[in-house]
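Trainee: Could we go through this structure together, with a reason for each label?
Mentor: Gladly, let's take a look.

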Amino acid sequence: MKIGELARQTGLTTSKIRFYERIGLLKTVDRRSNGYRTYPLQAVLILRLITTAQRAGFTLDEIRTLLPADLKHWNHDALMDALTRKITDIEALQARLAQSKAHLLRLVEDIQARPDDMDCAANAHRVLTNVLMTPSENLDVTPDDVRLLDRMDRRLSVSRARSKKAVSP
């Protein structure tokens, strides 16, 4: 089949198909004497495997190492190891996302708990002070990284690792 038909069957653009061919993921390509590419029916399956693996989080390099030259000769152990590692990676990402979500929910709750007699600047100072004084495993900001609002309502960013900069609102 020609590249246009392969593109229609897979839903990929012809440039994407050529890209997969160029980087060595799609190897089942023949060239006719007129220069046209022709693809076997197996190319549809290979391209669907590639796109499915990408949606599952595999990089093109990971796919390249797993995809056999002939789909009849899969390396079962390597495939199972890669799938298990990807599941572990996804679980770790889910845990980090859950921690980030919980942190943001606490931050929203703290912001909304502003006393009626407190203005926004003072509330921001209160919230940021609470954030910086509460140890958090997934919070990259420490009390040494930020100096909160001073009396003149100027924000100062101070870090030992970065240069000192003053930023006015």
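**Reasons behind the labels**

Mentor: This is a predicted model, and a good place to start is Phe-19, which is partly exposed with a relative accessible area of 28%.

Trainee: Why is Phe-19 called partly exposed?

Mentor: Its relative accessible area is 28%. Buried means under 20% and exposed means over 50%, so Phe-19 at 28% is partly exposed.

Trainee: And Tyr-20, is that residue buried or exposed?

Mentor: Tyr-20 has a relative accessible area of 1%. The cut-off for buried is under 20%, so Tyr-20 counts as buried.

Trainee: What makes Phe-19 and Tyr-20 an aromatic pair?

Mentor: The structure holds 1 aromatic pair. In that pair, Phe-19 and Tyr-20 lie 5.9 Å centre to centre, and rings pair if their centres lie within 6.5 Å.

Trainee: Why is the pair called tilted?

Mentor: The angle between the planes is 50°. Stacked needs under 30 degrees and edge-to-face over 60, so this pair is tilted.

Trainee: How do you know that the charged end of Lys-86 sits over the ring of Phe-58?

Mentor: The charged end of Lys-86 is 5.0 Å from the centre of the Phe-58 ring. The distance limit is within 6 Å, and the charge must also be within 35 degrees of the ring normal; Lys-86 is listed as sitting over the ring.

Trainee: Which residues of α6 are buried?

Mentor: In α6, they are Asn-123, Arg-126, Val-127, Val-131 and Leu-132.

Terms used. Residues are numbered from 1 along each chain as its sequence is written. This is a predicted model: local features need pLDDT of at least 70, side-chain atom pairs count only at pLDDT 80 or more; totals for chains, interfaces and linings use all residues. Side-chain values use heavy atoms; hydrogens and water are left out. Buried means under 20% relative accessible area, exposed over 50%, partly exposed in between (1.4 Å probe, protein chains only). Helices (H or I, at least four residues) and strands (E, at least two) are DSSP runs, numbered from the N terminus. Rings of Phe, Tyr and Trp (its six-membered ring) pair if their centres lie within 6.5 Å; planes under 30 degrees apart count as stacked, over 60 as edge-to-face and the rest as tilted.
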